[in-house]
Amino acid sequence: MKRGQFSSRLAFILAASGSAVGLGNIWGFPSKAAENGGGAFLLMYLFLAFLLAYPALMAELTLGRHGRSNMVSTLDSITSGLVQKRLGQLTGIMGVITATMILCFYSIIAGWMMAHTLASITQTLKMEKIAEWLVTFSLWRNICFSTAFISLTLLVISAGVEKGIEIWSKRLMPCLLLLLLGLIVYVLLQPGAEEGLKIFLVPDFTQLADPQLILSALGQAFFSLSLGVGTMLIYGSYIRSDENLPVAGALVTVSDTGVAVLAGMLIIPALFAAQHLGADIYTETGRLISGPDLIFHALPALFEGMGEAGALVAIAFFTLMSIAALTSSISMLEVPVSWAIETQKISRLKASIAVGVFSILISGIISYKFTSIFELVVVATTEWAQPILSLMLCLFCGWLMHRNHLLDELKQGVPDLESGLFWRIWPTYVKIFCPLLIVIILVQSFLPFS
Ligand code: PHE
């Protein structure tokens with residue numbers, strides 16, 4: 001069976017940035033920044049994104065293009081000996097499971113975004129009852145919309161790499177950027193917004209050493225760049241051999257962090273503009289509100305206060321969120337689907353339907369037991385599984401992939417690689433520094449004083 005391939009560098013950059021740019025950037029990042037001292041969090045995040053997440057991203061892309069296969073088969077192919085092979089397969093399987101579990105909780109949040117988009121539309125059409133149902137938290141609303149969202153993801157993935165992932169990334173990413181920029185300009189013109197911009201951009205250096213801030217920024221950097229679960233590995237396996245990987249990876253990192261910063265410039269000023277209109281934006285403990293309260297209460301309060309234009313701004317905002325979520329979820333679904341196609345030898349359509357239906361079921365269970373399971377799944381997959389799997393991928397790339405193979409792989413797109421800075425730093429970096437730093441940050445989060 002012929003494997004799919006991205007047709008150009010731009011196609012890869014848009015698809016990989018589409019995976020990276022998601023609810024993590026537009027919701028997670030500003031929320032965490034609001035919780036952890038604004039500018040201080042931004043600085044730590046940028047530092048970790050380039051120092052730790054970029055080298056780890058390069059490990060995934062290189063492994064993927066070298067293996068030209070899904071995560072399980074790739075890790076199997078670069079290892080030798082029973083123990084190494086088993087470890088490779090286990091890491092691969094954990095990646096496939098984690099990606100699927102992330103899709104299951106992500107689809108619930110993405111469903112809320114779709115429901116709020118529809119609610120803003122029905123509100124303008126004066127269909128109050130429907131709008132009310134759409135914005136009210138309920139089991140059936142959650143199940144309906146997460147199912148719709150996964151079905152949409154399934155449709156894109158079943159069309160394949162070029163006709164599904166590539167075409168939709170090319171269509172949706174420019175829309176996302178336009179919507180984001182338009183909303184920023186509009187919100188920054190609102191009274192009160194300036195104060196929020198200041199809080200977001202001016203760091204309070206005393207907060208930089210806070211272990212909670214560091215762990216939170218690390219988790220955010222890994223989640224945002226879609227690391228550890230094989231999404232970047234599988235996208236790497238669809239890149240052309242003559243592509244310059246270090247540059248392509250750097251462009252993805254820059255666009256991902258760039259959108260996170262832009263989202264911060266939208267959400268935090270919007271929060272303060274909402275305060276100007278009378279909304280309460282601080283919690284009882286005096287911190288800025290974050291999470292669902294921020295997105296579904298404070299921001300709608302701002303939209304309502306804007307009068308006629310508010311309804312359009314609300315539609316634009318929730319559409320932006322839904323698009324960002326879709327370009328990410330397609331990369332999540334591609335992980336188990338490519339594994340099923342390549343190891344179970346079934347067609348793409350069958351694989352997409354099987355994994356899609358399975359994910360709908362699991363996400364239904366999470367919705368049903370929302371209060372007891374949801375948070376658990378989020379923490380287990382994003383704060384633990386992702387950094388640990390990323391650590392494993394760095395170890396596989398640094399220690400188990402032969403240095404000559406690594407060099408040959410990268411040289412195809414960069415003939416003079418050996419004379420450049422990247423090759424002098426990165427191999428040792430990914431072998432020693434990245435794993436060590438991930439371990440230190442994970443361990444310190446356990447310590448009693450953190
Ligand atoms: N990077 C995506 C976001 O920021 C989430 C994601 C995680 C996507 C893991 C794929 C794999 O929302």
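This note goes through aromatic pairs, helices, the nonpolar core and backbone angles in a predicted model.

1. Basis. Residues are numbered from 1 along each chain as its sequence is written, and side-chain values use heavy atoms, with hydrogens and water left out. Because the model is predicted, local features need pLDDT of at least 70 and side-chain atom pairs count only at pLDDT 80 or more, while totals for chains, interfaces and linings use all residues.

2. Aromatic pairs. The whole structure holds 21 aromatic pairs (rings of Phe, Tyr and Trp, the last by its six-membered ring, with centres within 6.5 Å; planes under 30 degrees apart are stacked, over 60 edge-to-face, the rest tilted). One of them is the tilted pair of phenylalanine 29 and tyrosine 45, at 4.8 Å centre to centre and 45° between the planes. This pair links distant parts of the chain, 16 residues apart: phenylalanine 29 is in helix 2 (residues 23-35) and tyrosine 45 in helix 3 (residues 39-67). Helices here are DSSP runs (H or I, at least four residues), numbered from the N terminus. Phenylalanine 29 is buried at 0% relative accessibility, and tyrosine 45 is buried at 1% (buried means under 20% relative accessible area, exposed over 50%, partly exposed in between, with a 1.4 Å probe and protein chains only).

3. A second pair. Phenylalanine 105 and phenylalanine 374 are edge-to-face, with 6.1 Å between centres and 90° between planes. Their positions are 269 residues apart, in helix 5 (residues 82-124) and helix 16 (residues 370-400) respectively. Both residues are buried. They also belong to one aromatic cluster, whose members include Trp27, Trp112, Phe303 and Phe317.

4. Charges over rings. Arginine 171 lies over the face of tryptophan 168, 4.6 Å from the ring centre. Lysine 431 is placed likewise over tryptophan 399, at 4.5 Å. The criterion is NZ of Lys or CZ of Arg within 6 Å of the ring centre and within 35 degrees of the ring normal.

5. Helix 10. Of the 14 residues in helix 10, 13 are buried, so this helix is largely enclosed by the rest of the structure. Its end C-alpha atoms (residues 211-224) are 20 Å apart, in agreement with the expected 20 Å (1.5 Å times one less than the number of residues). Serine 224 is in helix 10 and is buried, at 0% relative accessibility. Not counting residues up to four places away in sequence, serine 224 touches Ala20, Asn25, Tyr45 and Asp256 (contact means heavy atoms within 4.5 Å).

6. Nonpolar core. The largest core has 158 residues, and Phe12, Tyr235, Ile295 and Phe317 touch the most other members (a core is a set of buried Ala, Val, Leu, Ile, Met, Phe, Trp, Tyr and Cys residues joined through side-chain atoms within 4.5 Å). Helix 14 (residues 308-344) gives the most to this core, with 18 residues. Contacts of phenylalanine 317 beyond four places in sequence include Leu183, Leu266 and Ile295.

7. Helix 5 and what follows. Helix 5 bends by about 25° at serine 107 (the angle between axes fitted to the seven residues ending there and the seven starting there). Just after helix 5, lysine 126 takes a positive phi of about 65°. Lysine 126 is exposed, at 64% relative accessibility.

8. Another positive phi. Most residues other than glycine have a negative phi. Arginine 68 has a positive phi near 45°. Arginine 68 lies in the loop between helix 3 and helix 4 (71-78) and is partly exposed, with a relative accessible area of 26%.

Notes:
Helix = DSSP H or I, 4+ residues; strand = E, 2+ residues; numbered from the N terminus.
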